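User: I'm new to this one and would like a close look at a single part of it. Could you walk me through one sheet, strand by strand, and then show me what sits around it?

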Amino acid sequence: MSRPVSRVLTLLELLQAGGVRTVAELAERLGVAERTVRRYVDHLVDLDVPVESVRGRYGGYRLAPGHRMPPLMLSDDEALAVLLGLVAGRRTGITAAAGTAGETAAAKVRRVLPERLRHRLDAVLDSLTFTAAPAGSAAPEAAVLLPVADAVRHHRPLAIRYTGGRGGSGERTVYPYGLVAHAGRWYVTGRDLSVGADRTFRLDRIDGARVLPGTFEPPPGPGPAERVLTALATAPYRHEVTVRVRGTAEEIRALLPGSVAVVADADGEGGDGGGGWCRVEIRAERLDWLPGLLASLDRPFVVERPDELRGLVADLAGRLMDAARGTPPPRD
């Protein structure tokens, strides 16, 4: 690569770091005269790179938003960060891109890398494994995510076409409070004007979204993330479970995910002294996993409802006693 071309690309890299760079600073970094810096800037402008001049005492040059993305100058660490981000995002289902957009973006980055760096990054990606299973494809369409985010940011009403978990679909008008990414899925939480209540919607179930005129004032209270976790923990399921557990609410919340249980103080209830108690509410389709969860808390607990759960806890206790004594289970 000829020296002037190399310096022009170095100039582009300096400008991509952000902010206004003075002519004197750029000349010092490039090792050229200030007049040469201005000539290099003209080269970039001829290539449709949106460089703009800033006048004044602290003036100089900066990159402005253009009609297309200028060439990216990535260091080794930056290239690795981009590719690992794309891989991890696709693996966890959090990448907000439909279809193969994440894969094609990664391929474009790899294609322009120097061979030496490409081989080193391939070694990292080929040797990388994840402990969690790949998440299902729940990434939202860009045509949905972008208007939802715009409505959240500017506090504007949002019209969506939503398909519920049971298959019914229809138009909704929502005052969106916030976007939340949780467990590989994207959610928007807000006021559903059609029912006059707060609701949480999965973005992968939204077929279309458009911002409506007007504005609204978000209400005080819990933040969007807490609202989504509470909505997930209180969603209608087959069983409604209530358990009292000894300990403070803070201690119990550290043991139970907010998307699984709602924890509230219940001092003075259900015990014979020795510390406060909390009421834990859980909704579940099945009860068979709850005895193990409650036992893992390693704290005294009392099952309030349902009666079926008490029996399952007793069965687990019996199996644990048999295991402790080394007694084999009875044959059917």
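Analyst: Let's start with strand S3, residues 158–163, which is joined to S7 by five bridges, the two running antiparallel. Within this pairing, Ile160 stands opposite Ala209 of S7. Keep in mind that this is a predicted model.

Now step back to the sheet these two belong to. Five strands make it up, in the order S6-S5-S4-S3-S7, and the sheet is open, with antiparallel pairing. As a bit of background, strands in a sheet pair through backbone hydrogen bonds, in either a parallel or an antiparallel way. What stands at the edges here? That would be strand S6 (197–202) and strand S7 (206–211); each has a single partner strand, so one side of each is left without a neighbour in the sheet. The strands aren't lined up flat, either: ignoring direction, neighbours are turned by 40 degrees against each other on average.

Helices come next. Helix H7, residues 142–154, packs on the sheet and touches S3, strand S4 (169–182), strand S5 (185–192) and S7. The direction of H7 makes about 40 degrees with that of S7. Then there's helix H8, residues 224–233, lying across S4, S5 and S6 and running at about 115 degrees to S4.

If you follow the chain back from H7, you get to the loop between helix H6 (115–127) and H7, and Phe130 lies in that loop. Is Phe130 buried or partly exposed? Its relative accessibility is 34%, so Phe130 counts as partly exposed. Phe130 also belongs to a nonpolar patch on the surface, formed with Leu84, Val124 and Leu128, and together the four have about 270 Å² of accessible area.

For a second sheet to set beside this one, look further along the chain. This open sheet has four strands in the order S9-S10-S8-S11, again with antiparallel pairing. Strand S9 (261–265) and strand S11 (301–305) are its edge strands, each pairing on one side only. The twist from one strand to the next averages 25 degrees. Four bridges join strand S8, residues 239–246, to S11 in an antiparallel run, with Val245 opposite Phe301. Helix H11, residues 307–325, lies across S8 and S11, at about 145 degrees to S11.

And the whole picture? The protein chain has 11 helices and 11 strands, and buried residues make up 31% of its 332 residues.

Technical notes
Residues numbered from 1 in each chain as written. Predicted model: local features only at pLDDT ≥ 70, side-chain atom pairs only at ≥ 80, totals over all residues. Heavy atoms only, no water. Pairing = 2+ DSSP bridges. Axes fitted to C-alpha atoms, helices over the stretch in contact; angles between N-to-C directions. Contact = heavy atoms within 4.5 Å. Patch = residues over 30% accessible without salt bridge, like charges linked within 9 Å, V, L, I, M, F, W, Y side chains within 5 Å. Areas by Shrake-Rupley, 256 points an atom, 1.4 Å probe, with all protein chains shown as cover. Salt bridge = Lys/Arg side-chain N within 4 Å of Asp/Glu carboxyl O. Buried < 20%, exposed > 50% of the residue type's maximum accessible area, 1.4 Å probe, protein only.
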